[in-house]
Amino acid sequence: MKKAAKTYIGSVIAAGGLVLAVSLANWSSPDPRAWAIYLVLAVLASVVKLRLPGMDGTYSLGFLFVLYGVAHLGLCETLLAGCAGVVAGSLVNTKKGSSLVQVLFNIGNVAISAGTCFWLARVWLAPGMTRYLPAVIAVAACAYFLVNTVLVSGVLS
């Protein structure tokens, strides 16, 4: 692997770790039992993978739980569930096992992607969260897939 690719992967891992660490420092879950159920469901959904015709890759249903978290939970709960789902999705129901660097990159990718769509929905589009929630979540979903795809494409290119 080229040095530029290693640097890029390391920077995504570091940036994702920073987003996760900052959110953990401000965590205060109002209902730990409900969050635990959300976490378990997010992990289970992340193991389910969808294959689209003509594509080699798969899509995980875990992104639906990230979007739910953006709409109804705090950043830390959303990120922890998303990252736990990524770990489960990277290790379970795969054609070949993922390396530690791949798992860490996937965690960083989800932390950056989910953090971006959380910021977009909860800060930039906050006034629309009460009146236009479906539209805000649609914009957040587009942002999630855009950021996620751009980050992965950076490694592939």
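This is a short tour of the model, moving from its confidence to its nonpolar cores and then to a single helix residue.

Begin by colouring the whole chain by pLDDT, bearing in mind that the model is predicted; the mean for the protein is 87, and 96% of its residues reach 70 or more. Select strand S2, residues 58-60, where confidence is lowest at a mean of 75, and then helix H5, residues 100-124, where confidence is highest at 92.

Keep H5 in view and turn to the largest nonpolar core, which has 24 residues; select Val 66, Val 70, Cys 117, Ala 121, Ala 140 and Tyr 144, the members that touch the most others. Two or more residues of this core come from each of helix H3 (62-72), helix H4 (75-91), H5 and helix H7 (133-156), and the most come from H5, which gives 9.

Next, centre the view on Ala 140 and show what surrounds it: once its neighbours within four places in sequence are left aside, Ala 140 is in contact with Leu 67, Val 70, Cys 117, Leu 120 and Ala 121. Apart from this core lies another, of 6 residues, which you can find by selecting members including Ile 9, Val 12, Ile 112 and Leu 151.

Finally, select Val 101, which lies in helix H5. Is Val 101 buried or exposed? Val 101 is partly exposed, because its relative accessible area of 46% falls between the 20% and 50% cut-offs. Not counting residues up to four places away in sequence, Val 101 touches Ile 9 and Ile 13, whereas the C-alpha atoms of Val 101 and Ala 88, 13 residues apart along the chain, are separated by 15 Å.

Notes: Residues numbered from 1 in each chain as written. Predicted model: local features only at pLDDT ≥ 70, side-chain atom pairs only at ≥ 80, totals over all residues. Heavy atoms only, no water. pLDDT = per-residue confidence, 0-100. Helix = DSSP H or I, 4+ residues; strand = E, 2+ residues; numbered from the N terminus. Core = buried A, V, L, I, M, F, W, Y, C linked by side-chain atoms within 4.5 Å. Buried < 20%, exposed > 50% of the residue type's maximum accessible area, 1.4 Å probe, protein only. Contact = heavy atoms within 4.5 Å.
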